Protein chains: 2
Amino acid sequence: MITKFTFNSQYILSELPFNDREFLEQIMVDKKYRKNQPIFTEDTLPSGIFYLQSGKVKKYKMDNDGREQIIYIYNAGEFFGYSSVLSESTYGDTAVAIENSIISFITIKDFNEILKNSSSFSRLLLKSLSHEFSVLANLMAVLSQRTVRERVALNLLILHDKYKVDTIENTQILLSRSDLANMTGTVIETLARVLHDFKHD
Amino acid sequence: MITKFTFNSQYILSELPFNDREFLEQIMVDKKYRKNQPIFTEDTLPSGIFYLQSGKVKKYKMDNDGREQIIYIYNAGEFFGYSSVLSESTYGDTAVAIENSIISFITIKDFNEILKNSSSFSRLLLKSLSHEFSVLANLMAVLSQRTVRERVALNLLILHDKYKVDTIENTQILLSRSDLANMTGTVIETLARVLHDFKHD
DNA sequence: GATAAAATTTGATTTAAATCAAATTTTAGA
DNA sequence: TCTAAAATTTGATTTAAATCAAATTTTATC
């Protein structure tokens, strides 16, 4: 059920043939990002794609009034920022590290190179992107049809899954109220009230 | 601006190398669909992909209470239903013809064949799918951040573009109130009121 | 460790939009 | 063309959630 709301590009690296994977790992360049540090910004041209080695990254769209709608929160092992490169357009959203993160970068040139040479890679990307498309469609339906309470509950489930470590009991969701509100599509006051109510259950 | 909200897979056919296009057009099988006839249904397994020769098709998700959220309305020249095949999953939504339509069908077998043999085709699909992903992200932000009035106005612009014929003046949006409401994420009563208000402007 | 700043919670009020209900108009079928 | 059914509009009311405001708690900095 939760898979309807989570991307799964993690399998790209693991399912890639050895040679392709070797090449990819050689050309990736790691960089550390501190919490709150931007990775790319809406409406700018992409210079490559990203692979999240560790940490968490939020991707959001900002409206005219400065309200942000979080589209997705990426977890370790996921590729991101590739759809703008593939569609040959500017970034449609902004990506910011919400924890200290280590992110690998692959230049457009290298990305196109591997895309050209590896049909496995492009096939895996197509598969991953198709799933991501369905996730956004599911999120769309939730945003328009479910109440704030239901959306908060769903997002807590999704986040629990993303933040889970060794044992389920130890899972802590280290996310600000404003990020959770911006994921859910509500304001922080309403979110605080809903969370308060949930504690009685 | 409107391009942020419209798919553009039309270019796939036109940009395809001659041989690939020939092959594709040979294997496509046309079928007529009457208004309101379903094309595929949520949670069923895909047996191929579709190309809309003429007419209009809505794709929507149904929630438990029977409310539908329209994800997209396809126009002539667009491919659809391919993301479920690519992600190797069941259909995440239901497609229904909202006008009498002619739709070409390509079996999974043939689709995978051309995908394997034509790097142009897979590259074009990747490009198209990436754009479609960004469209859904944009729609998500609109659904969560804009008022009903704003969403209705935006959807009228989008539909005007989809329904436009020879001259702009002749454009008629032949879409039921309930479909427009389900696109906008509202109920028909509210939609009727908003449209009433718009007529004074 | 004290203090300021930021984040979160709680309270009161407003508002946009849904719901419920009924009237009117349009469409389709006999 | 008449009639019934479906679609749309209009009206009254309710409700979920946003907004405005202030208090409290947490976090970061000197």
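# A tour of two chains and two DNA strands

Start with chain B and select helices α6(B) and α7 (residues 177-184): they pack at an angle of about 115°, with their axes 9 Å apart. What you are viewing is a predicted model. Turn the view until one helix lies over the other, and you can check that the crossing of α6(B) and α7(B) is right-handed. Now show the side chains where they meet. From α6(B), pick V148(B), R151(B), V152(B) and N155(B); from α7(B), pick L180(B), M183(B) and T184(B). Colour this contact by class and you should get four nonpolar residues, two polar ones and one charged.

**Stop 2: DNA strand C**

Keep V148(B) selected, and bring DNA strand C into view. Which residues are closest to this strand? They are R177(A), A192(A), T147(B), V148(B) and T190(B), out of 16 residues that surround DNA strand C. As the letters show, both chains take part. Chain A brings α7 (177-184) and α8 (188-199), while chain B brings α6 (148-163) and α8 (188-199), each of these elements giving two or more residues to the surface near the strand. Highlight α8(A) in its own colour: with six residues, α8(A) supplies the largest share of the surface near DNA strand C. Coloured by class, the surface near DNA strand C shows five nonpolar, six polar and five charged residues.

**Stop 3: DNA strand D**

Next, move on to DNA strand D. Here, too, 16 residues lie around the strand, and T147(A), V148(A), T190(A), R177(B) and A192(B) come nearest. The elements to select are α6 and α8 of chain A, plus α7 and α8 of chain B, which each give two or more residues to the surface near DNA strand D. Which element gives the largest share of this surface? Pick α8(B), which provides six residues near DNA strand D. By class, the surface near DNA strand D is made of five nonpolar, six polar and five charged residues.

**Stop 4: where the chains meet**

Hide the DNA for a moment and look at the two protein chains together. How many residues does each chain bring to the contact? Chain A gives 32 residues and chain B gives 32 residues. To see the side of chain A that touches chain B, select β5 (68-74), α3 (82-86) and α5 (119-145) of chain A, the elements that give two or more residues to it. Among these, α5(A) gives the most, with 20 residues. Colour that side of chain A by class, and you will find twelve nonpolar, 13 polar and seven charged residues.

Now try superposing the copies. A turn of 180° and a shift of 0.0 Å along the axis lay chain A on chain B, with an RMSD of 0.0 Å. The two copies are thus related as by a two-fold rotation axis. Of the interface residues of chain A, 100% are also interface residues in chain B, so the copies meet through the same surface.

**Stop 5: a pair of loops**

From α3 of chain A, follow the loop that leads to β7 (94-97), and stop at E88(A). What is the phi of E88(A)? It is positive, about 55°, although E88(A) is not a glycine. E88(A) counts as exposed because it has 12 C-beta neighbours inside 10 Å, and a residue with 12 or fewer is classed that way.

Then jump to chain B, where E88(B) sits in the loop between α3 (82-86) and β7 (94-97). Phi of E88(B) is near 55°, again a positive value in a residue other than glycine. E88(B) is exposed, with 12 other C-beta atoms within 10 Å.

**Stop 6: helix α6 of chain A**

For the last stop, select helix α6 (residues 148-163) of chain A and find L157(A) on it. L157(A) is partly exposed, with 13 other C-beta atoms within 10 Å. Use the distance tool on its C-alpha and that of T3(A): the two are 154 residues apart in sequence and 11 Å apart in space.

Stay in helix α6 of chain A and pick K162(A). K162(A) is partly exposed as well, with 17 other C-beta atoms within 10 Å. Which residues does K162(A) touch, leaving aside those up to four places away in sequence? Select I73(A) and N75(A) to see them. N75(A) lies 87 residues from K162(A) along the chain, yet their C-alpha atoms are separated by 6.6 Å.

How values were computed: Residues are numbered from 1 along each chain as its sequence is written. Chains are lettered from A and ligands numbered from 1 in the order in which they are written. This is a predicted model: local features need pLDDT of at least 70, side-chain atom pairs count only at pLDDT 80 or more; totals for chains, interfaces and linings use all residues. Two residues are in contact if their C-beta atoms, placed from the backbone, lie within 7 Å. Helices (H or I, at least four residues) and strands (E, at least two) are DSSP runs, numbered from the N terminus. Ala, Val, Leu, Ile, Met, Phe, Trp, Tyr, Cys and Pro count as nonpolar, Asp, Glu, Lys and Arg as charged, and the others, Gly among them, as polar. Copies are superposed by least squares on the C-alpha atoms of residues with pLDDT of at least 70 in both. A residue is near a molecule or strand if its C-beta atom, placed from the backbone, lies within 6 Å of it. Axes are lines fitted to C-alpha atoms, for helices over the stretch in contact, and angles run from 0 to 180 degrees between N-to-C directions. A crossing is left-handed if the near helix is turned anticlockwise from the far one by less than a right angle, and right-handed if clockwise. A residue is buried if 20 or more other C-beta atoms lie within 10 Å of its own, exposed if 12 or fewer, and partly exposed in between; C-beta atoms are placed from the backbone.
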